[in-house]
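Reader: I'd like to go through the labels used for this chain and hear what stands behind them. Can you show me the model?

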Amino acid sequence: CTKCVGVLTTRFRAAITDTMCICPAATYKPKGTAGQAICNKCPEGMFCALGSDLDNLVATTRRLAPGDEDKPVPKLLPRYWSSFEQPLDVFRCRSESKCPGGAPGNACGAGLVAQA
């Protein structure tokens with residue numbers, strides 16, 4: 001077994017390499033910090049599952065593709081919105097129907113796009 005550095009953790013016990021170390025729930029790994037023990041607090045209006053990593057958002061090219069569910073990213077809660085380009089600049093919306101939550105840049109209700 002290998003001990004994770006700092007606040008990093010693993011999905012399960014007995015992980016065998018340090019590449020299995022990820023950020024705990026309610027935190028995320030900032031872009032470009034692979035291999036570093038850096039995790040930031042999840043912003044207000046977002047949900048950060050275990051292992052959330054902003055580099056995964058870039059890898060998903062604006063939308064989560066089928067199979068990318070195992071590559072968690074900070075996601076917006078209902079009634080919140082942010083752009084793909086600035087995913088951590090979160091705005092509160094007036095209604096859940098306009099901002100149902102989900103991946104940054106892809107969290108508008110039916111027939112809606114971007115920030116008003």
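Author: Strands here are DSSP runs of at least two residues, numbered from the N terminus. Keep in mind that this is a predicted model.

Reader: Then what makes 27-28 count as β1, and where does Met-20 sit relative to β1?

Author: A strand needs at least two residues, so the run 27-28 qualifies as β1. Met-20 lies in the segment before β1. Overall, the chain has one helix and six strands, in the order β-β-β-α-β-β-β.

Reader: Why is Met-20 called partly exposed?

Author: Its relative accessible area is 32%. Buried would be under 20% and exposed over 50%, so Met-20 falls in between.

Reader: And what makes Met-20 eligible for a nonpolar surface patch?

Author: Patch residues need over 30% relative accessible area, so Met-20 passes that cut-off with 32%. Phe-12, Ile-16 and Met-20 make a patch of about 310 Å².

Reader: How do you know that Asp-53 has no salt bridge?

Author: The nearest side chain of opposite charge, Lys-29, is 6.2 Å away. A salt bridge requires 4 Å or less, so this pair doesn't make one. Asp-53 is buried all the same, in the loop between β3 (46-47) and α1 (54-59). Its contacts beyond four places in sequence are Lys-29, Pro-30, Pro-72, Val-73 and Pro-74.

Reader: Which residues belong to the largest nonpolar core?

Author: That core has eleven residues, including Tyr-28, Leu-54, Val-73 and Phe-84. Another core, of five residues, lies apart from it, with Leu-8 and Cys-21 among them.

Key: Residues numbered from 1 in each chain as written. Predicted model: local features only at pLDDT ≥ 70, side-chain atom pairs only at ≥ 80, totals over all residues. Heavy atoms only, no water. Patch = residues over 30% accessible without salt bridge, like charges linked within 9 Å, V, L, I, M, F, W, Y side chains within 5 Å. Areas by Shrake-Rupley, 256 points an atom, 1.4 Å probe, with all protein chains shown as cover. Helix = DSSP H or I, 4+ residues; strand = E, 2+ residues; numbered from the N terminus. Buried < 20%, exposed > 50% of the residue type's maximum accessible area, 1.4 Å probe, protein only. Core = buried A, V, L, I, M, F, W, Y, C linked by side-chain atoms within 4.5 Å. Lys, Arg positive; Asp, Glu negative; His and termini not counted. Contact = heavy atoms within 4.5 Å.
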